[in-house]
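This report describes selected features of one protein model for a reader at the start of their studies. Please keep the structure in view while reading.

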Amino acid sequence: MSGAHPIPRRALRADLLDFTGDPGLGAPGLGMVRHRPDHWLLIEHGRIAAVQPGARPPGPDWLCEDHRGQLLTPGLIDTHVHSVQLDVIASYGSELLDWLERYTFPAEARHADAAHAREQAETFADALLAHGTTSAVVFPSVHATSVDALFGAAQRRGMRLITGKVLMDRHAPEGLRDDVSQAQAQCQALIARWHGTDRLAYAVTPRFAATSTPEQLAMAGALLQLHAGVYMQTHVAESRAEVAWIARLFPEARSYLDVYHRAGLLNERAVLAHGIWLDDADRKLLADTGAQVAHSPSSNLFLGSGLFDWQAMVDARAEVSLASDVGGGTSLSMLRTMADAYRVQALRGVRLSAFKALHSATLGAARALKLEHEIGSLEPGRIADVTLWDWAAGSVARSRDALARDLHERLFAWMMLADERNLVTTLVAGRTQYKRRGNDAGALES
Ligand code: GUN
Ligand code: ZN
């Protein structure tokens, strides 16, 4: 953890990699990829001040850290993750709706206890940073105390975090249900307390259409009308059984996504997890409203939900970002998430490039969240959220890395073989918030 006082001027020397635009889904080319091997990243007052070649070090009034031969990227962005589901990661043997009943709801009910909520929120925030994630869009629980705990944990670490109280007024167990007027009052109070404070933003958070009455969804839409700049997050079209259930609950809607559209929930600050079972009209609606899908490949594989059609989203010009969806997903690592995204696309006959995968967890996510002025790239003026990585850890990955013939081959091997062990340091707003302890993982055999 960092000390109490910010270091005003700090410079890191490493291989810098970020993006100036969307590199495209497959066929790796170097367009939009900004690779600056052996460069200094200069950080002043928590922001990126400049980038200059390694041979031109900054002056004596800079604290210089030489990480030559390591990879420096923007901090990673996870656009859909549940802070209250750490206890249910890797729970055996069920698909979505049964998994929610058997494992997830009981774990979330424990967050009614404020002390438990606080402890888990601190663990969660540290775990994000230890995986290289500096910004996240997060589901806590239905309890307002879990929202306070999470915003507080992020604020203490200086993180960019978007979250809000989960709305559920039906089809959930006692202790996890709210009602329309109580939920509305709690949301108003939480928005007043947290939205726009430091790097925190509020998200109106109906869990999914099955757990909110039409009246509660309408209330959520009204909140968005009332509070410009507030986000919206939910789940959509994740499993076939879920889609069939929503069709029975909302027979008047054209589709699952249309339920949210009718409630006024789709806009350019809307983040919808999964979106596997959408059709072309849905994808056009996403593009027209500017809402994004948070693609969660680890979760989709683990729960057996289906194979996301990323190419159809590209064709429709709809936004896609990447997400761990822990605890449906089995790792907070956005690198493992990228590797799973590659596997899902491979099963669809599409070869996701490592450039597109990393873009989707950095600049692409930042743009989809309308936060590219703050995060997602190494552009001067951006807040200095950055991660430093070993290109390879262990003998197998090191020999593979040594054989890579070009940048894409190297980055792809990194993306497929690396995980949080490769992470050396995580900086949030220029301050060290995670540092690998003990052995240099690069020297470990595995
Ligand atoms: N749909 C509604 N709630 C959830 C959840 O907690 N996780 C996932 N993966 N899907 C959901
Ligand atoms: Zn989820």
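In this predicted model, strand β11 (residues 270–274) and strand β12 run parallel and are joined by three bridges. One of the partnerships between them places Leu-272 opposite Val-293 of β12 as its bridge partner. As background, strands of a sheet pair through backbone hydrogen bonds, either parallel or antiparallel.

Strand β12 covers residues 292–295, and its side chains point in two directions: Gln-292 and Ala-294 one way, Val-293 and His-295 the other way. Are these residues buried or exposed? All of them are buried.

**The seven-stranded sheet**

Seven strands form an open sheet with mixed pairing, in the order β3-β2-β1-β4-β14-β15-β16. The edges are taken by β3 (47–53) and β16 (431–435); each has a single partner strand, so one side of each is left without a neighbour in the sheet. On average, neighbouring strands of this sheet are turned by 40 degrees against each other, direction ignored.

Within this order, strand β4 (residues 63–74) is joined to strand β14 (residues 386–389) by four bridges, and the two strands run antiparallel. Thr-73 has Thr-387 in β14 as its bridge partner.

**The zinc site**

Which protein residues act as donors to the zinc ion (ligand 2)? They are His-80, His-82 and His-235, each through NE2, and Asp-325 through OD, at 2.0 to 2.3 Å from the ion. Along the sequence, the donor residues follow the spacing H-x1-H-x152-H-x89-D. The site thereby links distant parts of the chain: His-80 lies in strand β5 (residues 76–82) and His-235 in strand β10 (residues 231–236), 155 residues apart.

For comparison with the geometry of this site, ideal angles at a metal are 109.5 degrees for four tetrahedral donors. Here the angles among the four donor atoms run from 89 to 167 degrees, and the site of the zinc ion (ligand 2) is irregular. A tetrahedral site would need all angles between 85 and 135 degrees.

The table lists the relative accessible area of three donor residues together with that of His-274, which is found in strand β11.

| Residue | Relative accessible area | Class |
|---|---|---|
| His-80 | 1% | buried |
| His-235 | 7% | buried |
| Asp-325 | 4% | buried |
| His-274 | 0% | buried |

These residues count as buried because each value is under 20%.

**Backbone features**

Most residues other than glycine have a negative phi, and most peptide bonds are trans. Against this background, His-274 has a positive phi of about 85 degrees although it is not a glycine. Asp-325, a donor of the zinc ion, likewise has a positive phi, of about 50 degrees, and is not a glycine. Asp-325 is placed in the loop between β13 and α11.

Where does Gly-327 lie? Gly-327 is in the loop between β13 (319–322) and α11 (334–347). A cis peptide bond, with omega about 0 degrees, joins Val-326 and Gly-327.

**A pair of helices**

Two packed helices are described by the angle between their axes and the distance between the axes. For helix α2 (residues 114–130) and helix α3 (residues 144–157), the axes come within 8 Å and cross at roughly 40 degrees. That angle makes α2 oblique to α3. The crossing in which α2 passes α3 is right-handed.

Terms used. Residues are numbered from 1 along each chain as its sequence is written. Chains are lettered from A and ligands numbered from 1 in the order in which they are written. This is a predicted model: local features need pLDDT of at least 70, side-chain atom pairs count only at pLDDT 80 or more; totals for chains, interfaces and linings use all residues. Side-chain values use heavy atoms; hydrogens and water are left out. Two strands pair if DSSP finds at least two bridges between them. Axes are lines fitted to C-alpha atoms, for helices over the stretch in contact, and angles run from 0 to 180 degrees between N-to-C directions. Donors are N, O and S atoms within 2.8 Å of the metal (3.2 Å for Na, K and Ca); water is not among the atoms, so sites may look incomplete. Four donors count as tetrahedral if all angles lie between 85 and 135 degrees; four count as square planar and six as octahedral if opposite donors are over 155 degrees apart and all others between 65 and 115; anything else is irregular. Buried means under 20% relative accessible area, exposed over 50%, partly exposed in between (1.4 Å probe, protein chains only). Angles under 35 degrees count as roughly parallel, over 145 as roughly antiparallel, 65 to 115 as roughly perpendicular and the rest as oblique. A crossing is left-handed if the near helix is turned anticlockwise from the far one by less than a right angle, and right-handed if clockwise.
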